[in-house]
Amino acid sequence: MSDLRDLYQEVILDHNRRPRNFRKVEGANRTAEGHNPLCGDQLTLYLRVEGEVIRDIGFHGSGCAISKASASLMTDSVKGKTIAEAEALFEKVHAMLTTEHKAQADLDGLGKLAVLSGVWEFPARVKCASLAWHTLHAALQGAEQPVSTE
Ligand code: ZN
């Protein structure tokens, strides 16, 4: 667990212990499955999209603390957003996870998702943190193949 030391560990551990939206969504009309073979993380996302708005979102799955916390934070963040807003957030988080952020300005607009910003320093963990987001992207695109981070 030493990887987690600098990763805003309290927030991540809290979301791991008590994941938000950890449930199947009634009347879900978009689903997607994601798998990170490197770590063994897997999750299924359920979305209820009405028009352009994500009315409800939930997930099931198993995996490491970072993958579960990231899914919890992700579902919390995109609920009530439009598809375009959720896709924009996906792009922003993806950039945050894969590049060094040198200024606080890079994290503006990310809110509590900024707790994931330390992950980029641990390349083996980036796929854990990005799994939920790639799976969200697939669900919004209507992809039929399960997502793999490989
Ligand atoms: Zn993992």
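A residue is called buried here when its relative accessible area is under 20%. By that yardstick Cys128 in this predicted model is buried, since its relative accessible area comes to just 1%. Cys39 gets a different label: its relative accessibility is 35%, so it counts as partly exposed.

Both cysteines turn up at the zinc ion. Its protein donors are the SG atoms of Cys39, Cys64 and Cys128, plus Asp41, which is listed twice through OD. These donors sit 2.2 to 2.6 Å from the zinc ion. Written out along the chain, the donor residues follow the spacing C-x1-D-x22-C-x63-C. Cys39 belongs to the loop between E1 and E2, while Cys128 is part of helix H4 (residues 123–141), so this pair ties together parts that are 89 residues apart in sequence.

Next comes the sheet. It is an open one with four strands, ordered E3-E2-E1-E4, and its pairing is mixed. Strand E3 (53–62) and strand E4 (147–148) take the edge positions; each has a single partner strand, so one side of each is left without a neighbour in the sheet. As a general point, strands of a sheet pair through backbone hydrogen bonds, in either a parallel or an antiparallel way.

Going through the pairs, E2 (residues 41–50) and E3 run antiparallel and are joined by nine bridges. Here Glu50 stands opposite Val53 of E3. E1 and E2 are antiparallel too, with seven bridges between them, and Glu33 faces Thr44 in E2 across this pairing. These two strands make a hairpin with four residues between them, where Gly40 takes a positive phi near 90°. The pairing of E1 with E4 is parallel and rests on two bridges; Gly34 has Val147 in E4 as its bridge partner.

A helix packs against part of this arrangement. Helix H2 (residues 65–78) lies across E2 and E3, and runs at about 170° to E3.

One more backbone detail is worth picking out, this time ahead of the sheet strands. Asn21 sits in the loop between helix H1 (9–17) and strand E1 (30–36). Asn21 is not a glycine, yet it has a positive phi of about 60°. With a relative accessibility of 11%, Asn21 counts as buried.

Conventions
Residues are numbered from 1 along each chain as its sequence is written. This is a predicted model: local features need pLDDT of at least 70, side-chain atom pairs count only at pLDDT 80 or more; totals for chains, interfaces and linings use all residues. Side-chain values use heavy atoms; hydrogens and water are left out. Buried means under 20% relative accessible area, exposed over 50%, partly exposed in between (1.4 Å probe, protein chains only). Two strands pair if DSSP finds at least two bridges between them. Contact means heavy atoms within 4.5 Å. Axes are lines fitted to C-alpha atoms, for helices over the stretch in contact, and angles run from 0 to 180 degrees between N-to-C directions. Donors are N, O and S atoms within 2.8 Å of the metal (3.2 Å for Na, K and Ca); water is not among the atoms, so sites may look incomplete.
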